[in-house]
Amino acid sequence: MNDVALKKAWSDHSRLWENNVWVYPVISRRAGGLSIGVNLNLDKRCSFDCVYCQVDRTIPGPSAKIDIDRIDHEIEILIAEYEKNGLANFSNFKEVNSEQRRIKDISLSGDGESTLVPEFPLVCKRLREIQQRHSEYNLKLTLITNATQLEKPRVREGLRYLTEKNGEIWTKLDAGSEEWFQKINVTPYSLDKIQVGIEKTIVDFPICIQTLFCQVDSDIPSDKEINLYIDRVKRIYEKNPKNLMEVQLYGVIRHTARPRVFPLDKFFLESIAERIRKEIPAKVKVY
Ligand code: SF4
């Protein structure tokens, strides 16, 4: 395997692909192969403004009404292309070996927060239909979310479709204290609200906690911050241990739209993972 090619493919999350508007392919470290991304936020609307976000919001995105038939069509185009040659012609994937290009999931992950879109439940329903249509691939359906909307009834309706068979919610939790949370995620929502949303969600749905730790200016998360964070993970786990599929710790590997955001040493992330493992018997992985 060519590591350089793989890293290049991981770091490239360009949402523009051929003539598709809503759907793009990406080699995903966390999915372990090819992920079909669905971007419901062409307008870049998000309820967070994370310092590490790769989306440049100084340039506004186009507003477009969600077109579910078009999304379906674009996914079909991508799967047809995959079936032809495993997307080997796609310039960024040329040097990635076929195992790393194996199709794994359809992921709601865009230039903003997917659950803000009113059509969210209908999109999830259609993704479930597509999953059934292509049952030979055993595609996982994933929602990447910042958890701000998880308590809303229409979002929960969507989650039911998404998790009916082989689906997961990958929710962000980047902090233990309100102070670090606002420094990293920058939002009118409070960390306690996010915590309640995740705790309620894990009762009914399988979730992964995704945590990005980074350095901002000269600040890194303190030991106290890490303890508070682990306490939050523990409280989520205790709500329904069997529904916590994984805790994923990761650092910045892509270009961030803002300057002065730096990756942390992998050793630092590994030490946090070890501390979580000592507290709860959950799967914890550093990406
Ligand atoms: S939640 Fe995601 S899309 Fe929104 S600002 Fe943060 S990283 Fe960007």
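Is Phe 181 buried or exposed? At 1% relative accessibility, Phe 181 is buried. Keep in mind that we're looking at a predicted model here, and let's use that ring as our way in.

Phe 181 has an aromatic partner, Phe 48: the two ring centres sit 5.7 Å apart with their planes at 75°, and planes over 60 degrees apart count as edge-to-face, so that's what this pair is. The two rings come from distant parts of the chain, 133 residues apart. Phe 181 belongs to helix H5, residues 178–185, while Phe 48 lies in the loop between strand E2 (33–38) and helix H2 (68–85). Phe 48 is buried too, at 5% relative accessibility, because the cut-off for buried is under 20%.

The model holds 3 aromatic pairs, and another one of them is worth a stop. Tyr 82 and Tyr 137 also meet edge-to-face, with 5.9 Å from centre to centre and 80° between the planes. This pair again links distant parts of the chain, 55 residues apart: Tyr 82 sits in helix H2, and Tyr 137 in the loop between helix H3 (120–133) and strand E4 (140–145). How covered are these two? Tyr 82, at 14% relative accessibility, counts as buried. Tyr 137 has a relative accessible area of 22%, so it lands in the partly exposed class, given that buried stops at 20%.

Both tyrosines turn up again around Ile 103. Look for Ile 103 in strand E3, residues 103–108, where it is buried with a relative accessible area of 6%. Setting aside neighbours within four places in sequence, Ile 103 touches Tyr 82 and Tyr 137, along with Leu 34, Ile 36, Ile 79 and Leu 139. For a sense of scale, try jumping from Ile 103 to Glu 225: the two are 122 residues apart in sequence and 37 Å apart in space, C-alpha to C-alpha.

Now for the strands. E4 runs parallel to strand E5 (residues 167–172), joined to it by 5 bridges; Thr 142, for instance, has Glu 168 in E5 as its bridge partner. On the way from E4 to E5 you pass through helix H4, residues 153–162, and the three elements make a right-handed β-α-β unit.

How many of E5's residues are buried? The answer is 6 of its 6. Both faces of E5 are covered: Gly 167, Ile 169 and Thr 171 are buried on one side, and Glu 168, Trp 170 and Lys 172 are buried on the other. Note that Glu 168, the partner of Thr 142, is in that second group.

From E5 you can step across to strand E6, again in parallel, over 4 bridges. Trp 170 stands opposite Cys 208 in E6. Strand E6 covers residues 207–212, and it pairs in turn with E8, running parallel through 6 bridges. Here Leu 212 faces Tyr 250 in E8.

E8 itself spans residues 244–250 and is mostly covered, with 6 of its 7 residues buried. One more step brings you to strand E10, residues 284–286, which pairs with E8 in the parallel sense over 3 bridges. Leu 249 has Val 286 as its bridge partner in E10, and that's where this walk ends.

Notes. Residues numbered from 1 in each chain as written. Predicted model: local features only at pLDDT ≥ 70, side-chain atom pairs only at ≥ 80, totals over all residues. Heavy atoms only, no water. Phe/Tyr/Trp six-rings, centres within 6.5 Å; stacked < 30°, edge-to-face > 60°. Helix = DSSP H or I, 4+ residues; strand = E, 2+ residues; numbered from the N terminus. Buried < 20%, exposed > 50% of the residue type's maximum accessible area, 1.4 Å probe, protein only. Pairing = 2+ DSSP bridges. Contact = heavy atoms within 4.5 Å. Right-handed = clockwise from strand over helix to strand, strands pointing away.
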